[in-house]
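Q: I am new to this structure and would love a close look at a single part of it. Could you take the metal site as a starting point and walk me through what surrounds it?

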Amino acid sequence: MKYDIRTMPNDRVLVSPSLLAADFRHLEQDITQAVAAGADMLHLDVMDGHFVPNISFGVPVIKSLRKSCDLLFDTHLMISEPKRYARVFADAGSDHITFHIESDDDVDETIKEIRDCGCTVGISLKPATPAEAVFPYLDKIDMVLVMTVEPGFGGQSFMADMMAKTAAVKEEIQRRSLNVKLQTDGGIDENTVGVSASHGSNIVVAGTAVFRHPQGMKYAIEKLHAASAVLDKNVLEK
Ligand code: DX5
Ligand code: ZN
C-alpha cells in the first residue's frame with residue numbers, strides 16, 4: 001500500500017474519478033489529466049461478467065497504470081469471489097479494495113484477506129441491500145460504498161432514493177465514533193453531488209461527469225469539490 005485512505009480528510013468532498021469512462025485508447029493521458037485537474041484518488045471498476053453482467057478490465061491494466069500514476073488506487077471489485085482475487089489486485093498496486101457484501105465469499109474472511117494483503121478495506125452495498133447489513137462489520141473496515149446505481153455500467157442515472165441509506169450509514173459511523181469513510185458511486189455529477197454530500201458521503205465516484213465533461217476535467221472536479229460546502233449538513237442538523 002502506497003497511500004492510506006484512513007488519513008485522507010473527512011471535512012471536504014474527495015473526488016474519485018472512475019476510469020471506466022476514460023478513453024481506453026489513451027488511459028495514461030486521461031489519468032494524467034485527471035491528476036492535474038485535482039482528482040483525489042482513482043476509482044478502478046473491476047467486473048467479472050458473473051457478479052455483474054459486464055466485463056471491464058483487470059490485473060494487467062492496473063499493474064501498468066501503477067507505473068505512471070501517483071494517486072491512491074481505489075479498487076472496486078464487482079466480482080463473485082473477492083477473497084480469492086484480493087491478493088492479485090493488491091499486488092497489482094491497489095491501495096484500497098472495496099468488495100460487495102452480496103458476493104459469494106465470507107465477509108469476515110474477505111476483510112481479513114484484504115488486510116493481510118496490506119490494503120485498506122471497503123464494503124459496498126447494492127441498491128437492494130439495507131444499511132443495517134454493513135453495521136456488524138463497521139469496526140473492521142475503512143470505508144462503506146453505497147451504490148447509487150445498479151453496479152455493472154457507467155452512465156446510469158443517480159438513484160436519489162439511496163440517500164436515506166447513505167444517511168443511515170453515516171449516522172451509525174458517527175454514533176460509534178468510527179473512522180470509516182463513506183463513498184457513493186453511480187450517476188454523480190454537479191447536479192447530484194450536493195444531495196450525496198449533504199447525506200454524509202465525502203468520497204464521490206464520478207466517471208462520465210469527469211472524463212466526459214464537455215467543459216473539461218478541471219471544471220468538472222471543481223464543481224464536485226464545491227459540494228464540500230454542504231457536506232453532512234442534513235445529518236448534522238438532525
Ligand atoms: C458502476 C461503477 C461505477 C461507474 C460510475 O458499476 O461501479 O463506478 O463507473 O460511472 P458514472 O459516474 O458514469 O455513473
Ligand atoms: Zn465503482
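A: Here is a guided walk that begins at the metal site and moves outward to the strands, pockets and a loop.

Please keep in mind that this is a predicted model. Let us begin with the zinc ion (ligand 2), which is coordinated by H43 through NE2, D45 through OD, H76 through ND1 and D185 through OD, at 2.1 to 2.3 Å. What arrangement do the donor atoms around the zinc ion (ligand 2) make? There are 6 donor atoms, and the angles they subtend run from 71 to 171°, which makes the arrangement octahedral. As a yardstick, the ideal angles for six octahedral donors are 90 or 180 degrees.

Along the sequence, the donor residues of the zinc ion (ligand 2) follow the spacing H-x1-D-x30-H-x108-D. H43 sits in strand β2 (residues 41–47) while D185 sits in strand β7 (residues 181–185), so this pair ties together parts that are 142 residues apart in sequence. Are these two donors buried or exposed? H43 is buried, with a relative accessible area of 0%, and D185 is buried too, with a value of 9%.

Now follow D185 into its strand. In β7, 5 of the 5 residues are buried, so this strand is largely enclosed by the rest of the structure. K181, Q183 and D185 point one way from β7, whereas L182 and T184 point the other way. That fits a general pattern: in a regular strand the side chains alternate between the two faces of the sheet. The partner of β7 here is strand β6 (residues 143–147), and the two pair in the parallel sense over 5 bridges. Within this pairing, M147 stands opposite D185, one of the residues that coordinate the zinc ion (ligand 2).

Another pair of strands can be read in a similar way. Strand β1 (residues 14–17) and β8 run parallel and are joined by 4 bridges, with S16 standing opposite V205 in β8. From β1, L14 and S16 point one way and V15 and P17 the other way, and all are buried.

Next come the pockets. The largest pocket has a volume of about 360 Å³. It is lined by 28 residues, and the closest to its centre are G154, G155, G187, G207 and T208. Strand β2, which holds H43, returns here: β2, β8 (203–206) and α7 (208–211) each give at least two residues to the lining of the largest pocket. By class, that lining has 13 nonpolar, 10 polar and 5 charged residues.

The second largest pocket holds about 150 Å³ of space. Its lining includes V46, M47 and D48, along with I55, S56, F57 and G58. Both β2 and α3 (82–91) give two or more residues to the lining of the second largest pocket. That lining has 7 nonpolar, 3 polar and 2 charged residues.

Let us finish in a loop, the one between α5 (163–175) and β7, where S177 lies. Is S177 buried or exposed? At 64% relative accessibility, S177 counts as exposed. The phi of S177 is near 50°, a positive value in a residue other than glycine. For context, most residues other than glycine have a negative phi.

Key
Residues are numbered from 1 along each chain as its sequence is written. Chains are lettered from A and ligands numbered from 1 in the order in which they are written. This is a predicted model: local features need pLDDT of at least 70, side-chain atom pairs count only at pLDDT 80 or more; totals for chains, interfaces and linings use all residues. Side-chain values use heavy atoms; hydrogens and water are left out. Donors are N, O and S atoms within 2.8 Å of the metal (3.2 Å for Na, K and Ca); water is not among the atoms, so sites may look incomplete. Four donors count as tetrahedral if all angles lie between 85 and 135 degrees; four count as square planar and six as octahedral if opposite donors are over 155 degrees apart and all others between 65 and 115; anything else is irregular. Buried means under 20% relative accessible area, exposed over 50%, partly exposed in between (1.4 Å probe, protein chains only). On a 1 Å grid over the protein atoms alone, a cavity is a set of points where a 1.4 Å probe fits but cannot get out, and a pocket is an open set with protein on both sides within 12 Å along at least five of seven lines; lining residues have an atom within 4 Å of a point. Grid points are joined across faces, edges and corners, and a volume is the space filled by probe spheres set on the points. Ala, Val, Leu, Ile, Met, Phe, Trp, Tyr, Cys and Pro count as nonpolar, Asp, Glu, Lys and Arg as charged, and the others, Gly among them, as polar. Two strands pair if DSSP finds at least two bridges between them.
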